[in-house]
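Trainee: Could you take me through one part of this model in detail? I'd like a close look at the nonpolar core, and how the rest of the chain sits around that part.

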Amino acid sequence: MNPVSHKSQSKNTLIVHFPDSISIDEKEAKMILACHYFESGLFTSGQAAEMVGITKRQFIEHMGQYQASLFHLTPEELESDFRNAFEI
């Protein structure tokens, strides 16, 4: 089946039909999607948290369970920041 989306007055809605062989609950699916949008820079952490229906703090605390990072740095940028932090 194809996903169906429609826009209501205040919210966008996306309905996804998963095959019976996939066992995922709604909150987990929302969290996976929110983490992806956050890491892609499409959502702020507050927007991602709102989509899941949790607080911003809860979203940030749970991101690691979905292999998502709060920091949008490439390994090269992280290494550069680390070197710069220890320069005298």
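Mentor: Let's start with the outside: the accessible surface of the protein chain is about 7400 Å², and carbon and sulfur atoms hold 54% of that. Keep in mind that this is a predicted model. Of the 88 residues in the chain, 14% are buried. As for the layout, there are four helices and two strands, and from the N terminus they come in the order β-β-α-α-α-α. Among contacts with a separation of 6 or more, 34% are between residues 24 or more positions apart.

Now to the part you asked about. The largest nonpolar core has 11 residues: Met 31, Ala 34, Cys 35, Phe 38, Ala 48, Ala 49, Val 52, Ile 54, Phe 59, Met 63 and Ala 68. Two helices, H1 (26-39) and H2 (45-52), each give at least two residues to this core. H1 has the largest share, with four residues.

Met 63 is a handy place to zoom in, being one of the core residues. Setting aside neighbours within four places in sequence, Met 63 is in contact with Met 31, Cys 35, Phe 38, Ala 68, Ser 69 and Leu 70. Of those partners, Met 31, Cys 35, Phe 38 and Ala 68 are themselves listed in the core.

Next, the loop that holds Gln 67, which runs between helix H3 (56-62) and helix H4 (75-85). Gln 67 counts as exposed because its relative accessibility is 68%, over the 50% cut-off. Its backbone deserves a look too: phi of Gln 67 is near 55°, a positive value in a residue that isn't glycine. For context, most residues other than glycine have a negative phi.

Back at the other end of the core's main contributor, look at the loop between E2 and H1, where you'll find Asp 25. A polar atom of the Asp 25 side chain lies 2.7 Å from the backbone nitrogen of Glu 28. With 46% relative accessibility, Asp 25 counts as partly exposed.

Finally, not every nonpolar group is tucked into the core. Leu 14, Val 16, Phe 18 and Ile 22 make a nonpolar surface patch of about 350 Å². One of them, Leu 14, lies in strand E2, which covers residues 12-15.

Methods
Residues are numbered from 1 along each chain as its sequence is written. This is a predicted model: local features need pLDDT of at least 70, side-chain atom pairs count only at pLDDT 80 or more; totals for chains, interfaces and linings use all residues. Side-chain values use heavy atoms; hydrogens and water are left out. A nonpolar core is a set of buried Ala, Val, Leu, Ile, Met, Phe, Trp, Tyr and Cys residues joined through side-chain atoms within 4.5 Å. Buried means under 20% relative accessible area, exposed over 50%, partly exposed in between (1.4 Å probe, protein chains only). Contact means heavy atoms within 4.5 Å. Patches are made of residues with over 30% relative accessible area and no salt bridge: like charges are joined within 9 Å, nonpolar side chains (Val, Leu, Ile, Met, Phe, Trp, Tyr) within 5 Å. Accessible areas come from the Shrake-Rupley method with a 1.4 Å probe; for residues, only the protein chains shown count as cover. A salt bridge is a side-chain nitrogen of Lys or Arg within 4 Å of a carboxyl oxygen of Asp or Glu. A polar contact is a pair of N or O atoms within 3.5 Å; within protein, one must be able to donate a hydrogen and the other to accept it, and residues adjacent in sequence count only if both atoms are side-chain atoms.
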